[in-house]
Amino acid sequence: MTVPRQDIDSAHPSWHGAQMDFSQSMSYGDYLDLDHLLSAQHPLSTEHNEMLFIIQHQTSELWMKLMLHELLAARGCIQRDQVEPALKMLARVSRIMEQLLQSWAVLSTLTPSEYSQFRHYLGSSSGFQSHQYRQIEFVLGNKNASLVAPHVHHPERRKAVEDALNAPSLYDEVLMLLARRGFQISPQRIARDWTQPTQYDESVEAAWLRVYADPNACWDLYALAEKLVDVEDAFRQWRFRHLTTVERIIGFKRGTGGTAGVSYLRKMLEVVLFPELWRMRTAL
Ligand code: HEM
């Protein structure tokens, strides 16, 4: 159906009162810089399915950008003893993770035959080189200095990844908060080399046991612990869905990033971000 000219003419704004003329004011597309965003998809092949692959990765990177924004802000709040706003931010992080989890369903429509038609165009690029993903892992305490290497050729990304490596993780900040609140945390746990991954510490488990034994005594810490468990729970599921989707699409081929592929991703399922919060559940 053709829309009558007078319905789209700004002189006759008859479409439910909506503004129609943006020659003098900012529109939706201007605010969101959509020309930029929607022209950032550059398939290298002529294969129909490459667009899905690109958009799946780009949207994941956008959600990761928001996740990092929230995680860094939550860490700042904890540093300043502001637990309540951090709870809200961590709730959002879990929802973003759940959103990413759901998105695997779209990618699982890509069959091995479809992927193999453009896989060789990817060269050696792989999600393994995602600088935002690496920052998220580091902010969550899964530190590994050797994983800065894929970013050294790009000064800005390198700095962002190194900053995340060198700073205390979100969980480190939470444990410093516990110490400030009078829990006995071993001094070597809260004054350690921040570039090292989180390791189980008995004094931390004992502190969480006290929090969970009497939640009413420090409800905010109890709620914070549960938010951290929510984040790790969702992250574990994301890792698992990635692994399953990858196995479904490439079987046991090597990854474009050079690892053994599925067996590397399976190994990553063993990562535990907040060990004491899981271990204390047995003792409770
Ligand atoms: C056809 C789809 C996909 C395949 C076949 C695939 C395959 C792989 C493989 C084999 C690895 C191990 C590293 C390597 O050797 O390349 C990997 C790592 C990774 N992929 Fe994917 N992937 C796919 C989609 C995605 C998507 C949509 C994302 C979202 C951003 C993603 C993010 C990552 C990340 C962050 C890593 C690093 C994981 C870690 O180091 O723990 N992948 N991928």
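**Faces, core and ligand shell**

Me: Which exposed residues sit on the face of helix 14 turned away from its buried side?
Reply: R281 and T282. Exposed means 12 or fewer other C-beta atoms within 10 Å of the residue's own; buried means 20 or more, partly exposed is in between, and C-beta atoms are placed from the backbone. Helix 14 spans 275-283. Helices are DSSP runs (H or I, at least four residues), numbered from the N terminus. The model is predicted: local features need pLDDT of at least 70, side-chain atom pairs count only at pLDDT 80 or more, and totals for chains, interfaces and linings use all residues. Residue numbers start from 1 along each chain as its sequence is written.

Me: What puts the buried residues of helix 14 on the same side?
Reply: The buried residues are E276, L277 and M280. They cover an arc of only 100° around the axis, so they share one side of helix 14. The arc is taken over directions from the helix axis to the C-beta atoms. These buried residues pack against helix 11 and helix 12.

Me: Why is V229 called partly exposed?
Reply: V229 has 16 other C-beta atoms within 10 Å, which lies between the two cut-offs, so it is partly exposed. V229 belongs to helix 12. Beyond four places in sequence, V229 touches F274 and L277. Contact here means C-beta atoms, placed from the backbone, within 7 Å.

Me: What makes the span of helix 11 close to the expected one?
Reply: Helix 11 has 12 residues and reaches 16 Å from first C-alpha to last, against 16 Å expected. The expected span is 1.5 Å times one less than the number of residues.

Me: How do you know that the buried residues of helix 11 line one face?
Reply: The buried set is V204, A207, W208 and V211. Seen down the axis, they fall within an arc of 95°, so they line one face. The general rule is that an α-helix has 3.6 residues a turn, so residues three or four places apart point the same way. The opposite face of helix 11 carries the exposed E202 and A213. Cover for the buried residues includes helix 9, helix 10, helix 12 and helix 14.

Me: What makes a set of residues a nonpolar core?
Reply: Its members are buried Ala, Val, Leu, Ile, Met, Phe, Trp, Tyr and Cys residues joined through C-beta atoms within 7 Å. The largest such core has 39 residues. Among those touching the most other members are A74, L170 and V174. Helix 5 (83-107) gives the largest share, 8 residues. Leaving aside neighbours within four places, A74 contacts A86, M89, L90 and L170.

Me: Which residues of helix 9 are buried?
Reply: L170, Y171, E173, V174, L175, L177 and L178. They pack against helix 4, helix 7, helix 10, helix 11 and helix 12. Just after helix 9, G182 takes a positive phi of about 95°.

Me: How many residues surround the ligand?
Reply: 24, with S126, G127, G255, G257 and T259 the closest. The criterion is a C-beta atom, placed from the backbone, within 6 Å of the molecule. Helix 12 gives the largest share, 4 residues.

Me: How many residues of each class does the shell around the ligand have?
Reply: 11 nonpolar, 13 polar and no charged residues. Ala, Val, Leu, Ile, Met, Phe, Trp, Tyr, Cys and Pro count as nonpolar, Asp, Glu, Lys and Arg as charged, and the others, Gly among them, as polar.

Key:
Helices (H or I, at least four residues) and strands (E, at least two) are DSSP runs, numbered from the N terminus. Two residues are in contact if their C-beta atoms, placed from the backbone, lie within 7 Å.
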